[in-house]
Amino acid sequence: MKILKKILILLLAVFVIAQFFGPDKNKGEVASVNAFMEETNPPDEVIMVLKQACFDCHSDFTRYPWYNKITPVNYWLDGHIDHAKGELNFSKWSSYSIKRKDHKMEEVIEMVEKKEMPLPSYTWTHKDAILTDVQIIALSATIGNPKELSKWLGGELVEDNWRPVKLKSGTYMDGKLDFV
Ligand code: HEC
């Protein structure tokens, strides 16, 4: 019994001392996701989803919950954020190649449709991050691949190339437009 008491006191002491340590906070600028927003120009519904359910882990800015003050919980959350940012960091969007951006977008749709993202451990405590079917459709339809979306909805994709005005491509530089 005496030993058990000693062990408990020791554990408590370790816990108290541990509170003086913690990982660095992920506290960059909210504006760091602006490059992504400007390039993809998502509608408001999608911006809401990303803000509510993704940016806390996938950007340089986290809105921390109160329990992040507790060591070792903060290390656990930081591990998720680090790992998530390594996979996809919306704040670093402009440094990604076109190929990487394309690939990451496909993965975003896949993760959201399969309900693998946001992480379950996150939705336990962030009920507003549980995406409704309507939000998932909004996200997929906006940044997604129409083929995937029609498959997911159990429908068939109708493609139509008809356009009333001929599409021309060219370059615009120094006020001069050259068609190829
Ligand atoms: C609680 C933190 C957290 C939240 C919130 C979160 N993610 Fe993640 N995400 C992770 C982690 C950790 C990984 C890397 C490990 C993994 O794939 O499970 C990851 C990986 C990913 C990947 C890469 C998957 C792959 O196969 O390479 C994509 C895409 C992604 N997340 C999209 C999202 C989207 C979209 C949202 C919002 C709807 C979101 N995540 C919300 C933590 C999070």
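This passage describes one helix, the surroundings of the ligand, and the backbone exceptions of a predicted model. In this model, local features require a pLDDT of at least 70 and side-chain atom pairs count only at pLDDT 80 or more, whereas totals for chains, interfaces and linings use all residues. Residues are numbered from 1 along each chain as its sequence is written.

Helices are DSSP runs (H or I, at least four residues), as strands are (E, at least two), and both are numbered from the N terminus. Helix H6 comprises the 16 residues 98–113. The expected span of a helix is 1.5 Å times one less than its number of residues. For H6 this gives 22 Å, which agrees with the 23 Å between its end C-alpha atoms. A residue is buried if 20 or more other C-beta atoms, placed from the backbone, lie within 10 Å of its own, exposed if 12 or fewer, and partly exposed in between. The buried residues of H6 are Val 108, Ile 109 and Val 112. Because these residues cover an arc of only 90° around the axis, they lie on the same side of H6; the arc is that of the directions from the helix axis to the C-beta atoms. Lys 99 and Arg 100 are exposed on the other side of H6.

The ligand is surrounded by 18 residues, of which Cys 54, Cys 57, Ala 84, Glu 107 and Met 117 come nearest. A residue is near a molecule or strand if its C-beta atom, placed from the backbone, lies within 6 Å of it. Two or more residues of this shell are given by each of helix H4 (55–58), helix H5 (73–87) and H6. By class, twelve residues of the shell are nonpolar, three polar and three charged. Here Ala, Val, Leu, Ile, Met, Phe, Trp, Tyr, Cys and Pro count as nonpolar, Asp, Glu, Lys and Arg as charged, and the others, Gly among them, as polar.

Most residues other than glycine have a negative phi, and most peptide bonds are trans. A cis peptide bond, with omega of about 15°, joins Thr 71 and Pro 72, and Pro 72 is found in the loop between H4 and H5. Met 117 and Pro 118 are also joined by a cis peptide bond, with omega of about -10°; Pro 118 is in the loop between H6 and helix H7 (120–125).

Asn 41, not a glycine, has a positive phi of about 45°. Asn 41 lies in the loop between helix H2 (34–40) and helix H3 (44–53), and counts as exposed because it has 11 C-beta neighbours inside 10 Å. Just after H6, Lys 115 takes a positive phi of about 60°. Lys 115 is exposed, with 12 other C-beta atoms within 10 Å.
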